[in-house]
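Q: Please take a close look at one part of this model, a small sheet and the loop beside it. Then place that part in the wider fold.

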Amino acid sequence: MKEVKRRGQALLISGQFQDVRAEVQKLAAFCLPLSQKYHHIKAETILKENVAGSNKAEVLESLGRLVKALSILEKYGCNLTSSTRPKYWRSVKHNNPVFKTTVDAMQGGRRVLFLYGYTNMQLDGLSFPEEVTEPDQEKVSFVTLEVMTLRCELDMLIQGTHPHQGLFKDVIPFVVRQDAMAAEVEAVPPKGEGPARKPPPVLPKPKLGLGHPLKKCLSQCHLCGGRAAVLCPSCDGQAFCDECDDRLHRHPARTNHKRERGLEALQDMCTICGVSPVHAQCATCVQRLCEKCDGLFHSHPERQGHTRTMVTPALKTSSIPNNLVSSGPSSAWTCVHCATANKPPDTVCVTCKRGPGSPNTVWRCKSCTVINEGSSILCEVCERPRLAPRPSATPVPASCSEAQWTCQLCTFVNAVSTPTCEMCKSTANPGRQPPPPPKTPPSVKPHQAKPVPKPRLSLAPKRQDRMREEGRKLICQIREAEKLGISPEEVFAALRVCKGTSVDLCDWQESELPHLLDQICAMADSVHASVAGPDGEGVRLSRAEAKLAWLATGGDIEWAARELLRDRQFKMRELQSLGFRDASQCEDALRQSGGDLKSALSVLQRPLLNPFHLHMWSEEPEPPIDPKHPDKERMCRRLLALYELPSWGRCELTLSLLQEPNVSYTLEDVVEAVKGSHDRDFIRRVLNNECPCCLSVFPHSKMRSLTSCQCAVCQECFTQHFTITVRDKHIRDMVCPICRGPDINDPEQLESYFSTLDIQLRECLTADVYDLFHKKLTEHVLMKEPKFLWCCHCTSGFINDGEQLKVTCLSCCKSFCAQCKKPWEPQHQDLTCGQFQQWKRDNDPEYQKQGLAGYLRDNGITCPHCRFQYALTKGGCMHFTCFHCRYQFCSGCNNPYYKMSCRTEACSYTGLHAHHPRDCLFYMRDWESARLQALLQRSGVDFNTEPSDAQQTDACGVMEQKDEGGQQIDSPCGGQSQPGQAGLCEKHYKEYLVSLINAHSIDPAPLYDNHDLVRACERYQVDTQRGEGEDDGAHHARLLKKLMEVPLGEKVPRNK
């Protein structure tokens, strides 16, 4: 079992929850006591505390609830052992409805959560302690495995498939079957003997039917020896009398036994209930009834004359021994709750004050025959005690019955002297009918015929016809009145007033009802005057109030007057309790509102609210809030009304901050700060922020910052900075004015930055500046299109959809080549760019005159980002910034320059830098010209050393960009040319040689010395450690071989 648990724990920790089920099935199949199988959770205690019931159905229901709670606990454990735990795994909330009905309702559920690690008690649940960062995987997996095993065993118990049900016989009642328990018992051989023989198989017990011999020959009770009445197949076919059967099968383990009665017992039982013995035999209805059924059955008036014969009780007790016959009364009973013997008169137990019988059984009331619950003492209908006998019917004297008669319509008993029924006012008085003669059994007087009763006089049809006709007439009147807007209540009240007349109700409503309402008001006024006296004032009532009272009383005029006066007095008291003491004003308001209390209240409040309404709707501006006003409460109320501050204390804090000396912030700034916090020091820091541009102090709400950094400037500086940048600078210059971030060269940062910047600039820039920003942003996006071209004659750009080499600019209308970006010449037609350049070198005098300076100009700088070509050399600073797109790159290798940290893993530099390959001009410009020439000679590449014949001066004529007067101007270099440098200065001649090296992809590594080789290997992260016994030559050769395996620069321009 330990090995199985170890495997299950490993599967739980690894997250293979489906594979754990097989190990759980193996653990559940082990035949071990619960205390030895479960070491962490107390399984036996959990079952005893949660499984309860008086029968098998209740026990199975409690087992189902426990299984559901264990499944929830299992999920908690699996979540804790999983590598991908839920977000809120640290706490368990009690207000979760699933947790309430399952784990929290289970006894011992929280103990399992404690074992998981939820040991910190909170107001709303349980949680892990704060110092615990991870759950104990080993302990949680062991506890979860035991929870899963216990749930699996309970599932098998409910389904009846558990292989070892006997382990639960002392814990779970009613569920473990006796035959399954017997099958688990193994015979233990005595010492010295061989293995025990297999016990014989347990045969199923035969079911005893009515035709079985044991069923027919019930002789005496198995316990008391009396006459047997029932046979229980579950108790080995033993027979019991009724009393012993009731006591024996009260036990919870035997309540579900099914008993069958024998033929002899069935013959001596009541034919109605089949439970009690026969007490009397009726010859008229041919029934054998017990005492209770006889009294109930023959209490009906039609069966009161039946003649019954008492059955001799000696036949029942003749076979009972004398020593077992009880001397006391037969109705003594024993309490099933506390086993106290009670006397026959007792209706409840003298010890526990409970009713007789099992709490799960039902009992029938002897008085009204209603079925009641077993736990109730009194009947639910007649409220008589459970053991109270049926009340005896008092016989009516003959003299009284002769002086009364029964109504045929409502069965009410009336006196003979009354001509009509006192209940239904019916005149059906047929006189006293003689009582029917008592019925005699046919065996006594078979020749006498039964008396035929006289036919009854039925007045119901006439009465029903009259009521139907009156109802139809009333419905017609109501429909006609509703067409004229008269309600059914008004019709009913008018019928009471106009009863017995032929007046049309609708005409009466229009002509006579107003006078009737005035009459009701006058009657109410007279009643009030009689009560108030001669000095009292009269009451002014309205017709609307009188009509409501008239309808409420159903048309009774006097009652309506009293109700009208009572209602008016109640409304007057209500208005006076609200502060309106003037009785005349209250009466006028009620009369104007027709008696409606809310409308009258509005009428009385209107004059009081008139100054407030005038103040609210006036066009005069509100006076400003003065923090130094003497009425502090008034200022706080105004702050609450105008600025919606959350509390009265925040209003007082606002006034106190405004009263501090030397404050420069406004009321709106303080209110915004107070809404966010109640800390006075924090609010002061929020209100005092210095702008790093203008050095002025502003509140935090008036400071602006970009999403790419934490720098904050004032609103005015923010607007001015971006306005100037949009108008006069490139779009890549639109960065933070403080930290100059973010890095525009990063494409991902560039897209996210401009998407958020657009939202911020929309609020602060003017319309024309914002449109210019969008125009520049659009051009910046168009530059990424592969067919976008920059004009070599002007600064315009456009998208070229054609396939021809000749392209004409839409702005300056000049033509240029779409591939080499050179001005278009007729000789370029039908020639490639390379062929055209070679033709110019051979035939163009101007080009020949420039010599290598023209070559360097034609192979000038090309921006790798926007592909704009500059006719400039690469000499001087290698850090080049494109005028069009503001892209910063190295002019020798086209790799980008980074202002801050880059994405290279091994690079930790945070300043301005770039990563150059080994064949970049950045490194090779430090070589001597002879060394560069030797590299070209080593590869068999020709190069020039003498100037052209057309060159007249010794000054270098290469065009380069110079900074003169704060402006970038293109001008000749002017440097002195030395012999052997082809008429160029030293730096431009080196640039010429390096361009040849790059054009032929020559690796400069073979000419590295030891120092250069080690430095280059360090840049490319090549291991430079010397091996054991390795000499300098071998070490140099090995490093050179590894370095040359690293490719040359991918972006280095290689134009030939």
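A: Start with the sheet. Three strands make an open sheet, and their order is S5-S4-S6. The pairing in this sheet is antiparallel. The model is predicted, so every value here is computed from predicted coordinates.

Take the edges next. Strand S5 covers 238–240, and strand S6 covers 260–261. Both are edge strands, and each pairs on one side only. Strand S4 is made of residues 230–232. S4 and S5 pair through three bridges, in the antiparallel sense. Within that pairing, Val230 faces a residue of S5: it stands opposite Phe240.

Now the loop. Asn256 sits between helix H11 (242–248) and S6. How accessible is Asn256? Its relative accessibility is 48%, and it counts as partly exposed. The reason is the cut-off: exposed means over 50% and buried means under 20%, so a value of 48% falls in between. Asn256 also has a partner to check in space. Its C-alpha atom is 9.5 Å from that of Ser234. Along the chain, Asn256 and Ser234 are 22 residues apart.

A second sheet can be read in the same way. This open sheet also has three strands, in the order S1-S3-S2, with antiparallel pairing. Its edge strands are S1 (91–93) and S2 (120–121), each pairing on one side only. Strand S3 spans residues 125–127. Three bridges join S3 to S1, and the two strands run antiparallel. Here Lys93 stands opposite Gly125 in S3.

For a residue in a helix, look at Leu63. Leu63 belongs to helix H5, residues 56–81. Is Leu63 buried or exposed? Its relative accessible area is 0%, so Leu63 is buried. Leu47 is 16 residues away along the chain, and the C-alpha atoms of Leu63 and Leu47 are 8.5 Å apart.

Next come the helix pairs. The axes of H21 (residues 557–577) and H22 (residues 583–592) come within 10 Å and cross at roughly 120°. That angle makes H21 oblique to H22. The reason is that roughly perpendicular stops at 115 degrees and roughly antiparallel needs over 145, so roughly 120° belongs to neither. The crossing of H21 and H22 is right-handed. H21 brings Arg568, Lys571, Met572, Leu575 and Gln576 to the contact. H22 brings Ala583, Cys586, Glu587, Leu590 and Arg591. By class, the contact of H21 with H22 has five nonpolar, one polar and four charged residues.

H25 (residues 648–658) and H26 (residues 667–676) form another pair. Their axes come within 10 Å, and the crossing angle is roughly 135°. H25 is therefore oblique to H26. The crossing is right-handed. Arg650, Leu653, Thr654, Leu657 and Leu658 of H25 make the contact with Leu667, Val670, Val671, Val674 and Lys675 of H26. Seven residues of the H25 contact with H26 are nonpolar, one is polar and two are charged.

Further along the chain, H37 (residues 1010–1019) packs with H38 (residues 1032–1045). The angle is about 40°, and the axes are 10 Å apart. H37 is oblique to H38, because roughly parallel requires under 35 degrees. H37 passes H38 in a left-handed crossing. On H37, the contact residues are Asn1010, Leu1013, Val1014, Ala1016 and Cys1017. On H38, they are His1036, Leu1039, Leu1040 and Leu1043. The contact of H37 with H38 has seven nonpolar and two polar residues, and no charged ones.

Finally, the whole protein. It has 38 helices and 29 strands. Of its 1056 residues, 36% count as buried. Among contacts with a separation of 6 or more, 47% are between residues 24 or more positions apart.

Technical notes
Residues are numbered from 1 along each chain as its sequence is written. This is a predicted model: local features need pLDDT of at least 70, side-chain atom pairs count only at pLDDT 80 or more; totals for chains, interfaces and linings use all residues. Side-chain values use heavy atoms; hydrogens and water are left out. Two strands pair if DSSP finds at least two bridges between them. Helices (H or I, at least four residues) and strands (E, at least two) are DSSP runs, numbered from the N terminus. Axes are lines fitted to C-alpha atoms, for helices over the stretch in contact, and angles run from 0 to 180 degrees between N-to-C directions. Angles under 35 degrees count as roughly parallel, over 145 as roughly antiparallel, 65 to 115 as roughly perpendicular and the rest as oblique. A crossing is left-handed if the near helix is turned anticlockwise from the far one by less than a right angle, and right-handed if clockwise. Contact means heavy atoms within 4.5 Å. Ala, Val, Leu, Ile, Met, Phe, Trp, Tyr, Cys and Pro count as nonpolar, Asp, Glu, Lys and Arg as charged, and the others, Gly among them, as polar. Buried means under 20% relative accessible area, exposed over 50%, partly exposed in between (1.4 Å probe, protein chains only).
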